[in-house]
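Let's take a friendly walk through this model together, strand by strand. Have the structure open and turn it as you read.

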Amino acid sequence: SGTGSVDVVAPADFGGTVQLSVVAVATEQPNPKTAFALSTRREAATTIDAIASFAPRSDPPSLSLGQRSAITAEDRYATVHVEHAMPVDQDGSELVYLEVRTLSGVRLEEVWLGSSALRHVSTTREGSTFRSSGLEASLWGELSILPQQDWAGETSVSITAVSVEAT
């Protein structure tokens, strides 16, 4: 008797189940040194049916911005063009959303992608976080960011595309 294991590796971007049949075969070979030598080889097999399940996993999405900085006047929107935010897995199982966060303590009043307002998630001493409200196959357009009223200066903003496995 023995023990062992079988590793089953799924191809890239696969999520789902696979039915397997694992077959162990024992073979007895004829032994010419014994008086009762078998004239043919004999085999015995045992089969175990199994199911391998692979959980889908999101791949990091692709994000491209038209520029990496924006200049504006006090109480005006700063605008950055999002060329695209989209999943790299093209089977349609992943969707994306955008997250915009200040990194230097400046509070944001509003964030828009085109004509859609991003949802306010939180405001802390470190700054504000906004997310696009829905999951999309891809996002693009003008990202308009309005800092707190009467604020002027320089700040850093993180723009992140997040991929979610939809199936």
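Which residue in β10 does Trp112 stand opposite? Across from Trp112 in β10 is Ser144. Keep in mind as you look that this is a predicted model.

That pair of residues is a good way into the pairing of two strands. Strand β6 covers residues 108–113, strand β10 covers residues 139–147, and the two run antiparallel to each other with 5 bridges between them.

Now look at the other partner of β6. Strand β7, residues 116–117, also pairs with β6 in the antiparallel sense, here over 2 bridges. Trp112 turns up again, with Ala117 as its bridge partner in β7. Follow the chain from β6 to β7 and you trace a hairpin with 2 residues between the strands. In its turn sits Gly114, whose phi is positive, at about 60 degrees.

Step back to see the sheet these strands belong to. It is an open sheet of 5 strands with antiparallel pairing, and the order reads β3-β4-β10-β6-β7. The edges are taken by β3 (62–65) and β7; each has a single partner strand, so one side of each has no neighbour in the sheet. As background for viewing any such strand, side chains in a regular strand alternate between the two faces of the sheet.

Finally, turn to the surface. Val6, Val8, Val22 and Ile48 make a nonpolar patch of about 340 Å². One of these residues, Val22, lies in strand β1, which spans residues 16–28. Val22 counts as partly exposed because its relative accessibility is 36%, and that class lies between the cut-offs of under 20% for buried and over 50% for exposed.

Notes
Residues are numbered from 1 along each chain as its sequence is written. This is a predicted model: local features need pLDDT of at least 70, side-chain atom pairs count only at pLDDT 80 or more; totals for chains, interfaces and linings use all residues. Side-chain values use heavy atoms; hydrogens and water are left out. Two strands pair if DSSP finds at least two bridges between them. Helices (H or I, at least four residues) and strands (E, at least two) are DSSP runs, numbered from the N terminus. Patches are made of residues with over 30% relative accessible area and no salt bridge: like charges are joined within 9 Å, nonpolar side chains (Val, Leu, Ile, Met, Phe, Trp, Tyr) within 5 Å. Accessible areas come from the Shrake-Rupley method with a 1.4 Å probe; for residues, only the protein chains shown count as cover. A salt bridge is a side-chain nitrogen of Lys or Arg within 4 Å of a carboxyl oxygen of Asp or Glu. Buried means under 20% relative accessible area, exposed over 50%, partly exposed in between (1.4 Å probe, protein chains only).
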